[in-house]
Each structure stands twice: as C-alpha cells, then as structure tokens.
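Trainee: I am new to this structure and would love a close look at one part of it. Could you walk me slowly through a strand and its surroundings, starting with how you judge whether a residue is buried or exposed?

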Amino acid sequence: MSHLNAIAVRISSFKQLTQLHAQIIQHSLHHDNYWVSVLISHCTRLCAPPSYARLIFDSSHQPNLYAFTNMLKFYSHTGAHHHVINLFHNMRLSNVMPDAFVFPILIKSMEKEAVMLHAHLIKLGHQCDRYVRNAIMYMYAKYGPIYFARKLFDEMPERMVADWNSMISGYWRWGNEVEAGSLFNLMPERNVITWTAMVTGYSKARDLVTARRYFDQMPEKNVVSWNAMLSAYSQNGFAEEAMRLLNEMVVDGVQPDETTWVAVISACADRADAKLASSLMNMLNQRSVKLNYFVKTALIDMYAKCGDLAAAKIIFEELGTYRNVVSWNAMISAHMSVGDLSSARELFDRMPSKDVVSWNSMIAGYAQNGQSTMAIELFKKMISSNHTKPDEVTMVSVISACSHLGALELGNWALNIIDENQIKLSISGYNSLIFMYSKCGSMKDAVRIFHKMKTQDVISFNTLITGFAAQGDGFAAIDTMRKMKEHGFQPDRITYISVLTACSHAGLLEQGKKVFDSITNPDVDHYACMIDLLGRVGKLDEAKNLITRMPMVPHAGVYGSLLNAARIRKRIDTGEFAASHLFKIEPENSGNYVLLSNMYASMGRWGDVERIRGKMKLLGLKKATGWSYVEFDGKLHKFIVGDKAHERSNDIHKLLMELRKKMRIAGYIADKESVLRDVEEEEKEEMVGTHSEKLALCFALLVSESGAVIRIVKNLRVCWDCHEAMKIISKLEGREIIVRDNNRFHCFHDGSCSCKDYW
C-alpha cells in the first residue's frame, strides 16, 4: 500500500497513470473506493479520456461519497454537465448522502435550473457553507436576477475574495461597469482573478485602453491574465498588438499555453495577413511548441483565411481522429472562400457530426457564390433533419438567397421559420429582410419591416432608399433621405448613389441636380448616376459635356449610362462615342456590343450589325442567354427564348397565341427593331414573340389565381417588344405584373408601366 501511495504522488502523465492502475489491479485493489477516488482525481488533473475515467468508477461495486464526488468533479472539469446531473441522481438512488462539497459542482452543471436547488439547500442547512453560498451567488450573478446575487452578497457575515470576484464578474456580464468598478475599489484584498476580471470586463466593453491600464497595474500576472489581454486584442482585430504582447509575455518568462497560441493565431486569422501568419509560425517553430489539436484547429482556420489551402489541408490530415467539428468547419469555409463548392460539399457530407456553423458555412457559401437555389435546397434539408436549429446567421443567408432569386414566396416561408423558432433578429437581420422584400418588388412589406425595427442604422435607410430607386419612386427616396437626416444619420456615398438613381428612374432632373450639388466630394459613381439622369430626360449633349468636366477618369458605368440613353433617344453618334470607350475599358463585356448592334438593327444598318457580330466572334464573345423565371408552389420555373422543355409547354404556347390575337385587336404591333438578324418580318415577329419573359408570364397566368400579382425575374434588360406586350396584357387580364430585370423593376398595371417607358 505505502509503495503505491509513493507512486501515486509522483504521477505526471497519462501513461504513468495507466501503469499505476495496472499495479492496483495486480494487488486486487481496483474495487476499493480509496483507490478509485485517487485514480479518478488523477484523471481530472491529466485530462484523461472520459471512457477511461468511467471505467475506473464502474470498477467500484458500491461507490461511496468520495468516489462519487471525484467522478462528479471529473465530469464538471470536462464540461459534461448532463453527466454530472445523471450521476447525482444515481448517487441519490444509491442512498449516498451528498455533502456540501457536491452541491457547488451540481449548481455549476445545472446552470440557471439550479434556482430550484436554492430552497432545498436552505432546508438542508447547506447555505451556511461558504462554498455552497458562493456557488448560488455565482449562479444568480451569471443567469440573473443580479440583484438576488447582490442580496446574498450583502447578507454574508464574512466574504471570501471569491465572493467579491463572483459579484464583479456578474456585474460585468450584465454590462454594469459602474457597480463592477465600485466593488473593485471597495475590496479589502484583491487577487490575480480580481484584476483579470476587470481586464476581461473592459475588453468586452471594447474599452481596450482601460483594459490595458488595469493589466499594466496588476501587482502580479499569471498566464490567464496575459491570455485575457491577448484575447482582447485578438477579438477586436488588433493582431499586431497581440503579437507584441506575446513577445512581452515571453520576455517576462511566462510560458504561453494553448489558450495563448489559439488567441494569437485567431488574431492573425482574422487579419488574413499571410506575412503576419508566417511570422507567428516562425515563432512556434523556434520555440518548438508542441501543437495539440486545439492549436492545430486554429492554424487550419488561419491558413484557410490567409488563402494557403494546401497548408490547411496538411494540418487537417495530421489531426486524424482528433478532428473536431471546428476543424471541419474551417476547411469547409476555406474551400468556399476560393469558390470550390464541390470540395466544400464533399467535406460537409463526410462530417461525422454537424453543428449550426457547419450548415451556415455551406448555406452562406452557396449564397455568396451565386448558387442561391442550392442554398435554399440545403436549408430545406437542414430543417427536415430536425437535428440542428437555424439561428440568425442561417436565416440571413437564406433571406439573401431569396433576395437574389426574387422569390417572395420562399422569402415569406423563411420569415415564418424565423417566427416559429423565435429567432431574435439584430439590426443586420432586419436589414436583410428589407433588402429581400425590396428585391422581390414588395416595397409595402419592406417599409413595414423598416417601421417594425426598434432602432435603425445607416444601412437600414440605404436599403430602403435603394428599394425605392429600383421601383422608380424618386419622391419616396428623397423623403426617406430627409427622414434619415432627422434621425441623426448622415447620408454616405451609397445613400447618394441610391437617391440619384431614384431621381434618374423617376426623371426628376431638378431634384437630382440639387442632390448632386449637395455632395461634398462626388465620386465617379455619383457622376455616372447624374449622366444617366441627364440621358433619361434627353439632355445627351449636356451629359457628354459633364463627362469632359469630370475630375476623375470615367469608368464603364459612366459610358454605359450614356450608351443606354443614346439607344433610347436613337442618337447613333452618341451611341458610337460611348461604345468606343466601353470597348476599350471592358472589351470582354458582350452587353455593350449587343446594345450598339441593337441600335444599328433598329435603323436597318445590317452591315454594321454584321461588323459588330464579327468583332464579337473574333473576341470569342457570345451574347448572354436570356432567361426568365416565376415562382410557383415553392419552386422556380425557368424559361429561355422559344422554350418548349417545360411540362406545360403546350398550354403555355397555346395561351401565348390566344393573347397575341387579343393584343392585335387592342392595337399591338410587334417591335422587330431589336432583332439582330436581317430576316423576314414574320420570322422577326416569331423571334420576339417567344421571348422568355412572355413564356414565364403565360405560365404564371395558367397557374395563379385570378387577379393575383405576377412576379417575373429576368437576367437581362427587358426588350421593348416584351415591355409593350406586358403593358397590354396587364390591362387585358386585369393583372398587376412586376418584372425585375437587370436594371430595375417594371410594375405593369392597367396598360402602363412605372418606368414611364424609359429603362
């Protein structure tokens, strides 16, 4: 026995622990509660595998109070709080009476549910125990109400330093800086934990100057103190300061631990600075730091964000069975960041277990890489799995996907899920909803969400103004900017771009000029908006003059606005001038060639049309395929010109023929000017007659209820013929038709369009 005790006090590794365990078994002492307690105590200290610790505990045929207490401490130390609660129930069933040492462990594990224990502990008389009392007070300080914790604190006949520390940490947790500081100043004796609590508190309040002052004033520091200050710099984006502090720490003779390295690595990761990352790796190599799986996981994230996917993969493979969900998530995000969606999905599907971050990484990755449909499909899979609940991050990505698709039905479905899961939205979440409704053409709902917000920010106002701009509601945009100023927000460059765009779409020349003149230093995008506005009202020469007076080099947006104005006003000279500049600035943009070609075609200049087509062919450019879709029954139904692939194609084309007859009677004449080929008139009419937006409209008329609003999304600018057809059909069918093209919204109603025939 004595020689086993001598060995037990010298245990310093898990291997030595297993050797001691083997000797205890050889002496048939492994059932003895004393040795069971000793071994489990070492398991806690050495972070032994939970299965091994439980094996030792289960070897006792009748565990006593000490065996139970040590096993409870082990589970608490590993964060397995549900195991603590289950084991406590087993303890009671075994008729082992818990003492005052057990209840602090139980209170910590039960978290806010420990409120139920308070009255029970008073009955048992354990509240007089200072450790139990501290645990109860800490529970109230952490989960509230904080004044219950303060009441217990004030009633204490004598207070330990730990009691003061619990109250100070509690006040910081509830954002009460004044009370935290007051208690700190009243403390008769402070320890390193007290000072560290103040550093952490000010860090979370983002007051790093004060946090550093408390840190520098500390009479003594331990590795936890250094880590608190390092984490403050790391979490607030001060990577260089974190690196400098790390150097100070090393010079001071304090040995960095895994938390230190993870904090510094995370700081470098957030900066995505390859040079800083390389400097850190040199330090790790010079100090021969043994990298555990926590540090390696942080390194994966750092390499991924710095764009070194190869290095991230090497560490990921090294982790082997130690890969946790964080390391898998880091690799998924890394592949998504470089647009490698298939590799990211392969990793996602291989994951042994997924958390909400895993799903969010994939859904956001799809949404940000233009795969909105895939984002929504994966979200549906997440919901149906019932394993992981979505959070605000999930929903913002899903709403973003709905926005880009213009899918109002899916957007409303996503909003219902937010309500069903009681997901609290931040300002950013509400802004995404405003954006979604704006992009779906439902400004009424966008305004409703805006007014529902308790507080708005600049982005809230800008998003609403942008929505009004896309609808061509210039007066609403100007009025919203006025209200924005009344709320104390200064318009930024985005605000002015959106308001000028709104003025342009509404043809409000004088109002637009007034807004433009109010900008202190207008940039190139503001000039582009102004040129678009001048072009819209027919002042093309004034627009050209403004370009020559610009204090900066015009970009493609400037000449693009002029080219479009020339197309509408049939000013071929101005169109050729704008196009010649565009061909130099963005020679691979086929849209510019198509616009100029359309101008030539409208004038019957087929030689010039062929010349432009030849130039496009020489450059390897192709006209983008036009498509349109409508949403029905939770799905997007997509069409291209002349499409006959849809399951209801026969019905669609039959309805289209019927509508053509009605339209001709109503005075419709097909506009064939934009046909790029010199073909027979009848063939031209057929070519424009089966454009994708017309097919999408016919499908919507077939499947929607009478009188329902029809919403169509088009990837290119809607052509003049389709625009005229939509106006007539809106009157013939008594429908409101909302078309979102790549430039703006067109709201057709009773034979007219909101764009006033300029787009």
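Mentor: Happily! A residue is called buried under 20% relative accessible area, exposed over 50% and partly exposed in between, using a 1.4 Å probe and protein chains only. This is a predicted model, in which local features need pLDDT of at least 70 and side-chain atom pairs count only at pLDDT 80 or more, while totals for chains, interfaces and linings use all residues. Residues are numbered from 1 along each chain as its sequence is written, and side-chain values use heavy atoms, leaving out hydrogens and water.

Let us warm up with Asp633. Its relative accessible area is 59%, so Asp633 is exposed. Asp633 sits in the loop between β1 (627–632) and β2 (635–640); strands (E, at least two residues) and helices (H or I, at least four) are DSSP runs numbered from the N terminus. The backbone stands out here too, as Asp633 has a positive phi of about 55° without being a glycine.

Now for the strand itself, β4, which covers residues 737–740. In a regular strand, side chains alternate between the two faces of the sheet. Here, Ile737 and Val739 point one way, while Ile738 and Arg740 point the other way. All of these residues are buried, Arg740 included.

Next, look at the partners of β4. Two strands count as paired if DSSP finds at least two bridges between them. Strand β3 (residues 710–714) runs parallel to β4, and 4 bridges join them. You can find this pairing by looking for Arg711, whose bridge partner in β4 is Ile738.

How does the chain get from β3 to β4? Helix α42 (residues 720–732) belongs with these strands in a right-handed β-α-β unit. Right-handed here means that, with the strands pointing away from the viewer, the path from the first strand over the helix to the second runs clockwise.

Strand β5 (residues 745–749) is also paired with β4, this time in the antiparallel sense, again over 4 bridges. Look for Ile737 in β4, whose bridge partner in β5 is Phe748. These two strands form a hairpin, with 4 residues between them.

To put the picture together, β4 pairs in parallel with β3 and antiparallel with β5. When you turn the model, try starting at Ile738 and its partner Arg711, then move to Ile737 and its partner Phe748.
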